[in-house]
Every structure is written in C-alpha cells, then in structure tokens.
Amino acid sequence: MTDEYFMQQALKEAQRAFEEEEIPIGAVVVQQDRIIARGYNMTEKLNDPTAHAEMIALTSAFSYLSAKYLPDATLFVTVEPCVMCAGALYWSKIRRVVWGASDVKNGFSRVKPGTSPFHPKTEVVTGVLEQECAALMKVFFKNKR
C-alpha cells in the first residue's frame, strides 16, 4: 500500500463531507497497512467547532485500539492540520502525519512558519495528491460564494 492509496481513501471521506455541505476534509488512520479509523469534517452536523476530520479519526483510532497513543500509526489527511488538530496529533505521539494540500489561511504552519508542532519522533510528509485535495476545497468554496 502506498501513501497515494491511503490519501485516496482520505479523499473519499472528504467527498462525504462535501456531499453533506461540510468543509471537505477527510482523514484516515492507518496501522500495519490497514485503515483502523476514518473521519471527515462534521462541524455543522454536530454543531461542534472541534469536530474536524483529524479529531474524529483520532478518537475513533484511540477507541479501536483501546489506547491513548498511536506510535505505530499514520494519519492521512487531505488538508494541513490546524493548530488544534496539530496539538491533538502531538499528544497522540503518532508516527507519521501525511497531508495533501497546504492551508495557508488556517493550517498550523501559519502560526510559526518553519516549526513543527508534532511530537519529535513524528515524520511529516506533505503534498501527497496535493492537486486533488486542493481542487475539492476550491470547488466547495467557489460554490459557497
């Protein structure tokens, strides 16, 4: 299994968000080449500003594993995590974070460019299926205007 394959799975979750008129961000948590959790933005549906794709996927993974840390897992998310989600990822001690499109407006890197909010052992990979991930966001916001 490749990063591209798992990002395609995250894109399927983002499409679900899009269809429910949520900001189209999707995430999957993978361990041993198997998806153990999925999530997509549900802030409108749940009336909860913390119901981001990453948070939902992380909570599901913790529950699935009956654990509070994910040192052997990878989170694939279609858009760069915000500061809140980056903090949750730090505390999860996740092994890898992979995202598609950068988010210059709301991504964590806008706070202090060039620094990583993730656990020191976390590997970060960016730009996986970047164009596909960005395109879904562009269509969503174009339709909102």
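Glu 13 counts as buried in this predicted model, because its relative accessibility is just 5%, and the cut-off for buried is under 20%. You'll find Glu 13 in helix α1. Leaving out residues up to four places away in sequence, Glu 13 touches Gly 26, Ala 27 and Val 28, along with Arg 38, Gly 39 and Tyr 40.

Now for another glutamate. Glu 130 sits in helix α5 and is partly exposed, with a relative accessible area of 39%. Setting aside residues up to four places away, Glu 130 touches Gly 100 and Ala 101. From Glu 130 to Ala 86 you'd count 44 residues in sequence, and the C-alpha to C-alpha distance is 19 Å.

**Helix α4 and what follows**

Ala 86 brings us to helix α4, which covers residues 83–92 and has Cys 85, Ala 86, Leu 89 and Ser 92 as buried residues. Look down the axis of α4 and its buried residues fall within an arc of 120°, so they line one face of the helix. The general rule behind such a pattern is simple: an α-helix has 3.6 residues a turn, so residues three or four places apart point the same way. What lies over the buried residues of α4? The cover includes α3 (53–65), β3 (73–79) and β4 (96–101).

Just after α4 comes Lys 93, with a positive phi of about 60°. Lys 93 is a residue other than glycine, and its place is in the loop between α4 and β4. Its relative accessible area is 35%, so Lys 93 is partly exposed. The charged end of Lys 93 sits over the ring of Tyr 69, 4.3 Å from the ring's centre.

Leu 129 also has a positive phi, about 50°, although it is not a glycine. This leucine is in the loop between β5 (123–126) and α5. Is Leu 129 buried or exposed? Its relative accessible area is 17%, so Leu 129 is buried.

**The cysteines**

How many disulfides does a search of the whole structure find? The search finds zero. Take Cys 82: its closest cysteine sulfur is in Cys 85, and the gap is 3.7 Å, too far for a bond, because a disulfide needs the two sulfur atoms within 2.5 Å. Cys 82 is buried, at 15% relative accessibility. Cys 85, for its part, is in no disulfide, and it is buried too, at 0% relative accessibility.

**The nonpolar cores**

In soluble globular proteins, nonpolar side chains tend to be buried together. Here, the largest nonpolar core has 21 residues, and the ones with the most contacts inside it are Val 29, Leu 75, Leu 89 and Ile 94. Two or more residues of this core come from each of β1 (26–31), β2 (34–40), α3, β3, α4 and β4. Leu 75 gives a good feel for the setting: apart from its neighbours within four places in sequence, its contacts include Val 29, Ala 57, Leu 89, Ile 94 and Val 97. The contacts of Leu 75 also include Glu 54 and Arg 96. A second, separate core has 16 residues, among them Ala 10, Leu 11, Val 30 and Val 98.

**Aromatic pairs**

The structure holds five aromatic pairs. Here are two of them.

| Pair | Arrangement | Centre to centre | Angle between planes |
|---|---|---|---|
| Phe 6 and Phe 76 | tilted | 5.4 Å | 35° |
| Phe 18 and Phe 140 | edge-to-face | 6.1 Å | 65° |

Phe 6 and Phe 76 link distant parts of the chain: Phe 6 is in helix α1 (residues 3–19) and Phe 76 is in strand β3, 70 residues apart. Phe 6 is buried, at 3% relative accessibility, and Phe 76 is buried as well, with a relative accessible area of 2%. Together with Tyr 5, Phe 6 and Phe 76 form one aromatic cluster.

Phe 18 and Phe 140 also link distant parts of the chain, with Phe 18 in helix α1 and Phe 140 in helix α5 (residues 130–144), 122 residues apart. Phe 18 counts as partly exposed, at 21% relative accessibility, whereas Phe 140 counts as buried, at 6%.

Definitions and conventions. Residues are numbered from 1 along each chain as its sequence is written. This is a predicted model: local features need pLDDT of at least 70, side-chain atom pairs count only at pLDDT 80 or more; totals for chains, interfaces and linings use all residues. Side-chain values use heavy atoms; hydrogens and water are left out. Buried means under 20% relative accessible area, exposed over 50%, partly exposed in between (1.4 Å probe, protein chains only). Helices (H or I, at least four residues) and strands (E, at least two) are DSSP runs, numbered from the N terminus. The arc is that of the directions from the helix axis to the C-beta atoms. Contact means heavy atoms within 4.5 Å. Rings of Phe, Tyr and Trp (its six-membered ring) pair if their centres lie within 6.5 Å; planes under 30 degrees apart count as stacked, over 60 as edge-to-face and the rest as tilted. A charge sits over a ring if NZ of Lys or CZ of Arg is within 6 Å of the ring centre and within 35 degrees of the ring normal. A nonpolar core is a set of buried Ala, Val, Leu, Ile, Met, Phe, Trp, Tyr and Cys residues joined through side-chain atoms within 4.5 Å.
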